Amino acid sequence: MTDARGNARPNADGTARHAPGTPCWVSLMARGLDATEQFYGALFGWEFRPGPRPLGPYVRAVLDGHAVAGIGVLPPDRRLPVAWTPYFASDDVDLTAEAVRSCGGTVGVGPLDADEAGRLALASDPSGAVFGIWQAADGAVEDFTGRPGTPAWNELTTFETTNVAKFYETVFGYDEEPVVSADLDYVTLRLDGRPVTGVHGVGNALPRDRGPHWTTYFTVADTDDAVDQVLHLGGQVLGGPRDTEHGRVATVADPEGARFALVRGPNCTRRGRED
């Protein structure tokens, strides 16, 4: 695959051209749109605007005038999990989809046009973890991070890192930074020298009912307060809160069961791994 990576360049209007391979969007497929909007609106202060409809009803979550995430509706006749999915930037989603296939992954949806906004595909890596590929129509997407309510980090939990990390490195041009430890199988994937995502191998500890999966971390002002709010709004606490070297982290789920993480810390825009 031709390496067409380049540095992200901020623009005057607050958008940026993300280098191919950069996490650029997160999207949730839910069953009840109204209830889901109420939950995340109360938790993160999001407002909602109509979005492109390539796969059915879809809204953009907006914070301080900036789009930070998307929420769509699962077709009622499809038994798919309610889950957050990270999207990675591409200059040519069709070419990236071909690279996914040639490296042992699967393209389940698309590539297809998302109205006038861009072009997308939904894929899975060789272990089965689902991710998205996004090509913005004008080459630019919102660059709004580091604030409470914005995505901070995406992490893949899988059986082992060696082969899976190699898949993402080949498709997106990442460099690998493994953790040197006999007790931890963890790889940080870097793009142009900066960390962009992580891969955590947990072997047989991976829940059988979930399989390999991505987790999105969202920045919060106070993790404990955010956890209390999740419970008040009908969600669940799955782990934590606990202090880590990357901040105070908790793993939670919304009322429909979609899992995500909350993180507060000085490096929360870089990484929020729960050790």
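Q: In this predicted model, are Phe88 and Phe172 buried or exposed?
A: Buried means under 20% relative accessible area. Phe88 meets that cut-off, and so does Phe172. Both residues are therefore classed as buried.

Q: Which elements hold Phe88 and Phe172, and how many residues apart are these parts in sequence?
A: The rings of Phe88 and Phe172 form a tilted aromatic pair, 5.3 Å centre to centre with 40° between the planes. Phe88 sits in strand E7 and Phe172 in helix H3, so the pair ties together parts whose separation in sequence is 84 residues.

Q: What is the geometry of the aromatic pair Phe44 and Phe260?
A: The centres lie 6.2 Å apart, and the planes make 65°. Planes over 60 degrees apart count as edge-to-face. The Phe44–Phe260 pair is therefore edge-to-face.

Q: Which parts does the pair of Phe44 and Phe260 tie together?
A: Phe44 is buried, and Phe260 is too. Both belong to one aromatic cluster, which includes Trp46 and Trp84. Because the two residues lie in separate elements, 216 residues apart in sequence, their pair links helix H1 with strand E19.

Q: Which strands are the edge strands of the open sheet?
A: Eight strands form this sheet, in the order E4-E5-E6-E3-E7-E10-E9-E8. An edge strand pairs on one side only. That picks out E4 (47–50) and E8 (106–114).

Q: What does the side chain of Thr96 make a polar contact with?
A: Thr96 is in helix H2. Thr96 is buried, at 3% relative accessible area. At 2.7 Å, its side chain makes a polar contact with the side chain of Ser90.

Note on methods: Residues are numbered from 1 along each chain as its sequence is written. This is a predicted model: local features need pLDDT of at least 70, side-chain atom pairs count only at pLDDT 80 or more; totals for chains, interfaces and linings use all residues. Side-chain values use heavy atoms; hydrogens and water are left out. Two strands pair if DSSP finds at least two bridges between them. Helices (H or I, at least four residues) and strands (E, at least two) are DSSP runs, numbered from the N terminus. Buried means under 20% relative accessible area, exposed over 50%, partly exposed in between (1.4 Å probe, protein chains only). A polar contact is a pair of N or O atoms within 3.5 Å; within protein, one must be able to donate a hydrogen and the other to accept it, and residues adjacent in sequence count only if both atoms are side-chain atoms. Rings of Phe, Tyr and Trp (its six-membered ring) pair if their centres lie within 6.5 Å; planes under 30 degrees apart count as stacked, over 60 as edge-to-face and the rest as tilted.
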